[in-house]
Amino acid sequence: MALKSTTDHYGTVAVTIHWLSALLIVVLIGSGFRAAGIEDSAAKAGILRLHLPLGIAILLLTLGRVGWWWFADKKPASMPMPTWQDRSSRTVHFLFYVVILGMAASGIGMMVLSGAGPIIFGGEASALPDFWDYLPRIPHGIGARLILVLFVIHVGAALYHHWLKKDDLLVRMWFAK
Ligand code: HEM
């Protein structure tokens, strides 16, 4: 399978980035809501030790994805579908970029402003701060709900194409034989 995409199939690099991003986002949403729902500081720090590096990883992966599309690869042609569906899917994809970058920026903002890094990673004994005392916690919470909505729409549309329309939309985002 070619590294780059063809007119009717995504290439290995794009497919790998796509599924790795999906996995990271699922874990980030789960670990983020879990961390936010825990009172106990040590237990919360334990989850954030996973959440933070993965948050940085999705940031780097997303910047890599933008660079890949910008400089190296060209997307396959759109599948035949009504204009409103084509426009909606482009909007959802664009919003994914915006929300992921916003989540990463607000997450880093929370860390910088709260100075919680040494408590999470350095084993400092003091309790974690209340992240709601810091402004970036608000966009991080809004973004968390938005990305969940985008995820449901995105997966729902892919399954609709795969199971009901029975076209190749999902298949072309998998590793070709
Ligand atoms: C795309 C990337 C990210 C996603 C999808 C994500 C997801 C989430 C979610 C779903 C929550 C729970 C929000 C709520 O209950 O209102 C959360 C909380 C949090 N996230 Fe992230 N996050 C991301 C990146 C980051 C990064 C890069 C950092 C820090 C470097 C970070 C630090 C935190 C912290 C400190 C909390 C708050 C926990 C609390 O209030 O106790 N996140 N995140």
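**Notebook: ligand shell, a helix pair and one odd residue**

I started with the ligand, which 26 residues surround in this predicted model. The closest are G32, G55, G107, G141 and A144. I then looked up which elements supply the shell. Those giving two or more residues are α1 (12–36), α2 (41–72), α3 (83–114) and α5 (137–165). I also sorted the shell by class. It has 19 nonpolar, 6 polar and 1 charged residues.

Next entry: α3 against α5. How do they pack? I found an angle of about 150° between them, with the axes 9 Å apart. Angles over 145 degrees count as roughly antiparallel, so α3 and α5 are roughly antiparallel to each other. I noted the handedness too: α3 passes α5 in a left-handed crossing. From α3, the contact uses S89, V92, L95, F96, V99, G102, M103, S106, G107 and M110. From α5, I listed R137, P139, H140, G143, L146, I147, L150, I153, H154 and A157. By class, the residues of this contact divide into 12 nonpolar, 7 polar and 1 charged. G107 is on my α3 contact list, and I had already noted G107 among the closest residues to the ligand.

Last entry: K166. I looked it up in the segment after α5. K166 has a positive phi of about 50°, although it is not a glycine. Most residues other than glycine have a negative phi. Is K166 buried or exposed? I counted 8 C-beta neighbours inside 10 Å, so K166 counts as exposed.

Note on methods:
Residues numbered from 1 in each chain as written. Predicted model: local features only at pLDDT ≥ 70, side-chain atom pairs only at ≥ 80, totals over all residues. Near = placed C-beta within 6 Å. Helix = DSSP H or I, 4+ residues; strand = E, 2+ residues; numbered from the N terminus. Nonpolar A, V, L, I, M, F, W, Y, C, P; charged D, E, K, R; others polar. Buried ≥ 20, exposed ≤ 12 C-beta atoms within 10 Å, placed from the backbone. Axes fitted to C-alpha atoms, helices over the stretch in contact; angles between N-to-C directions. Parallel < 35°, antiparallel > 145°, perpendicular 65-115°, else oblique. Left-handed = near helix turned anticlockwise from the far one by under 90°. Contact = placed C-beta atoms within 7 Å.
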